[in-house]
Amino acid sequence: MNHLVPLDNLVAALSRLPGIGRRTAERMAMALIQDEKGLTRILANALLEADDGIANCERCGSVTLADINPCELCARHRPDAHVLCVVESPADIIKIEESGGFQGRYHALMGRLSPMSGTGVADLRVDKLLGRVAEEGITEVLIALGTDVESDATASYLREILSTRDVKVSRIAFGLPAGSAIEYSDATTLARAIKGRQEIG
Ligand SMILES: [Zn+2]
């Protein structure tokens, strides 16, 4: 039997998505190529449209329309604009914003320190963070990372480099077990965690 290279490529691409294992990718690929209502082309077009039309905000790192940059959230008046909330990813910004518990500005690091996966300081948006603290009149940096070992290491590192700046550093309090991520927290817990934040270092 001929090797179905295009199918293999599709499975390989789908497998790269978070939470999609090999088996699921194979099922998705089969469903796509056998769909008779044009799903494959609809999906292909949607992917290209998203790729062209969505960008990361040059300031906070969140997702925005490509032609609105800095994003709408950065441009909007915020009552607590002097507080900068540091998160791991754009998904966390959306999550915290939905909780309604925070009225300041955001900064996505685009990862966290992880020797295991080879993510170092240079891979995170740390320089940009320091620049913003200096330029935007920030008086408090609120670290809103999860409660796992890598988040702890990242928070310690940030506390360290921010200790030379004239800024308060706090971290959200979590009413959750160790290993929790912002992404999977419910709105009430998140809002409470932000309200109960504690100064560190
Ligand atoms: Zn932004």
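Student: In this predicted model, how many bridges join β5 to strand β6, and in which sense do the two strands run?
Tutor: Strand β6 covers residues 168-171, and one of the pairs that link it to β5 is E140 with its bridge partner K168. Between these two strands the chain passes through helix α7, residues 149-162, in a β-α-β crossover that is right-handed. The count for β5 and β6 is four bridges, and the strands run parallel.

Student: Which strand pairs with β5 through C85, and over how many bridges?
Tutor: The residue C85 has L142 of β5 as its bridge partner. C85 falls within residues 83-87, the range of the strand that pairs in the parallel sense with β5, residues 140-143. The strand asked for is therefore β3, and the pairing extends over four bridges.

Student: What is the handedness of the unit made by β3, α5 and β4?
Tutor: Strands β3 and β4 pair in the parallel sense over four bridges, and within that pairing L84 has R105 of β4 as its bridge partner. The helix of the unit is α5, which spans 90-99. Taken together, β3, α5 and β4 make a β-α-β unit that is right-handed.

Student: Is β4 covered on one face or on both?
Tutor: In a regular strand the side chains alternate between the two faces of the sheet. In β4, R105 and H107 lie on one side while Y106 and A108 lie on the other, and these four residues are all buried. The cover on β4 is thus found, by the cut-off of 20 or more other C-beta atoms within 10 Å, on both faces.

Student: Which element gives the largest share of the largest nonpolar core?
Tutor: This core holds 33 residues, and those touching the most other members are C85, V86, V87, V141, L142, I143 and A144. Two or more residues come from each of β3, α5, β4, α6, β5, α7 and α8. The largest share, five residues, comes from β3.

Student: Leaving aside neighbours within four places in sequence, which residues are in contact with I143?
Tutor: I143 is among the core residues that touch the most other members, and it belongs to β5, residues 140-143. With its neighbours within four places in sequence set aside, the contacts of I143 are V86, A155, L158, V169, S170 and R171.

Student: Why does M110 count as partly exposed?
Tutor: M110 is found in the loop between β4 and α6, and its phi is near 65°, a positive value in a residue other than glycine. A residue is buried at 20 or more other C-beta atoms within 10 Å and exposed at 12 or fewer. M110 lies in between because the number of other C-beta atoms within 10 Å is 16.

Student: Where is the cis peptide bond that leads into P70?
Tutor: P70 is found in the loop between β2, residues 63-65, and α4, residues 72-75. The omega of the bond is near 5°, and the cis bond runs from N69 to P70.

Student: How far apart do the C-alpha centres of domain 1 and domain 2 lie?
Tutor: The domain assignment gives domain 1 as 5-52 and domain 2 as 78-199. The C-alpha trace of the protein chain spans about 65 × 35 × 35 Å along its principal axes. The C-alpha centres of the two domains lie apart by 33 Å.

Definitions and conventions:
Residues numbered from 1 in each chain as written. Predicted model: local features only at pLDDT ≥ 70, side-chain atom pairs only at ≥ 80, totals over all residues. Pairing = 2+ DSSP bridges. Right-handed = clockwise from strand over helix to strand, strands pointing away. Core = buried A, V, L, I, M, F, W, Y, C linked by C-beta atoms within 7 Å. Contact = placed C-beta atoms within 7 Å. Domains from an automatic or database assignment.
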